[in-house]
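Dear colleague,

I am passing on the structure we spoke about, with the sequence alongside. Please look it over first, and then read my notes below.

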Amino acid sequence: MIKFANIEVTTHCNMSCNTCNRTEVIQKPKHLKLLNLGFICNELQKEDVKEIKVHGLGELSLAPSELVWNIRKAFPRRVNLVGITNGQWGITERIRTNMAMMNHLYFSVDGYNRETYRMNKPTGNFDLIGKNIVELRHPNVSINCVITNDSYFIMPDMVKYAESLGVKKLRFNLFQNWGDADKYGKYEIVEHEELIKVASRMKDWAYGAGVDADIIGNPDFKKQECKWLKEMVYITVDGDIVPCCMRRDKLGNIFHSSLKEVLSGSLVKKFIEERGDVNSKQCSNCPYVANAPLLKKLGNTKNDHSLHR
Ligand code: SF4
Ligand code: SF4
């Protein structure tokens with residue numbers, strides 16, 4: 001049964017981040033159609049869904065508000081609705097209402113001041129995010145920070161930044177390379193002594209500040225144990241069921257077949273079978289696999305998702 005679903009409500013984005021693995025998708029932007037959302041919710045209601053991430057390869061605040069309302073209406077409040085936003089918006093009633101539907105809201109902030117923020121997000125307005133976090137007053141906010149080989153040093157100061165905004169949860173993601181080695185290889189973090197020291201300093205500062213700060217990921221991740229397509233599903237704006245949040249192979253379409261039919265279909269079966277074979281090339285370039293050894297060295301990491309044990 002599916003326990004976690006990622007519904008891609010939009011692929012529109014108002015940013016251009018250096019580390020964006022999604023440029024091909026967000027360059028042809030689309031919103032999920034309301035009618036099609038109905039199909040998705042009907043299918044997910046037959047499953048044992050505990051958490052829905054309302055996010056895709058795009059910016060949540062740009063999605064039509066009725067999409068978020070309808071997802072919230074379709075599932076009881078105990079189904080955890082999680083949203084991720086780059087915080088590049090002015091607060092309107094629509095934004096306030098949409099964000100309030102979320103049980104948890106992640107703000108993507110990859111720097112603690114204008115200079116460090118622009119290293120990865122050159123088109124973004126750093127000041128706007130802090131202002132929005134404070135003014136929105138959402139009861140359950142985390143700051144999500146991608147760190148690269150060039151920006152790992154920001155970790156301790158990110159703790160101070162979170163503290164200054166009254167945010168008590170901070171997650172660091174090691175940059176994940178979703179495919180294009182030439183373009184993104186330079187951002188991948190390699191292990192070195194200074195990184196280990198910085199991570200440890202970050203932990204000390206977080207402890208002192210009472211901020212719950214972690215480097216996110218599963219240090220024991222193995223592709224053979226991947227839960228996507230078994231307990232987790234990613235549904236694109238076009239209704240395609242794809243292997244996970246990082247891959248766009250079309251394994252079936254929820255607007256043409258039921259979710260059960262897609263998940264028990266030959267394409268999904270073949271994908272899972274190949275992924276489960278250690279000698280197969282399927283998923284051999286998985287960023288979770290690539291980052292696992294470093295996560296182990298860094299210690300004290302936390303799983304991004306409870307299903308990713
Ligand atoms: S905010 Fe997200 S989707 Fe938009 S450009 Fe940045 S990484 Fe890509
Ligand atoms: S790339 Fe990684 S996370 Fe995605 S389906 Fe393959 S093993 Fe799972």
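The secondary structure of the protein chain amounts to 12 helices and nine strands, and please keep in mind throughout that this is a predicted model. For its 309 residues, a compact globule would be expected to have a radius of gyration near 19 Å, and because the protein chain has 19 Å, the two agree. Along the principal axes, its C-alpha atoms fill a box of roughly 50 × 50 × 35 Å, and 38% of the residues count as buried. When contacts with a separation of 6 or more are considered, 73% of them are between residues 24 or more positions apart.

The largest nonpolar core is made up of 37 residues, and F107, C145, I147, M158, V159 and L170 have the most contacts inside it. At least two residues of this core come from each of several elements, including strand 4 (104-108), helix 6 (126-136), strand 5 (141-147) and helix 12 (287-298). If neighbours within four places in sequence are left aside, I147 is in contact with Y152, I154, M155, F172, L174, F175 and I189. Apart from the largest core lies another, of 35 residues, among them L32, V54, C244 and M246.

Turning to the ligand, which residues come nearest to ligand 1? There are 11 residues around it, and of these C13, M15, C17, C20 and N86 come nearest. By character, the shell around ligand 1 divides into six nonpolar, three polar and two charged residues.

With best wishes

Technical notes:
Residues numbered from 1 in each chain as written. Chains lettered and ligands numbered in written order. Predicted model: local features only at pLDDT ≥ 70, side-chain atom pairs only at ≥ 80, totals over all residues. Near = placed C-beta within 6 Å. Nonpolar A, V, L, I, M, F, W, Y, C, P; charged D, E, K, R; others polar. Helix = DSSP H or I, 4+ residues; strand = E, 2+ residues; numbered from the N terminus. Rg over C-alpha atoms; globule rule 2.2 N^0.38 Å. Buried ≥ 20, exposed ≤ 12 C-beta atoms within 10 Å, placed from the backbone. Contact = placed C-beta atoms within 7 Å. Core = buried A, V, L, I, M, F, W, Y, C linked by C-beta atoms within 7 Å.
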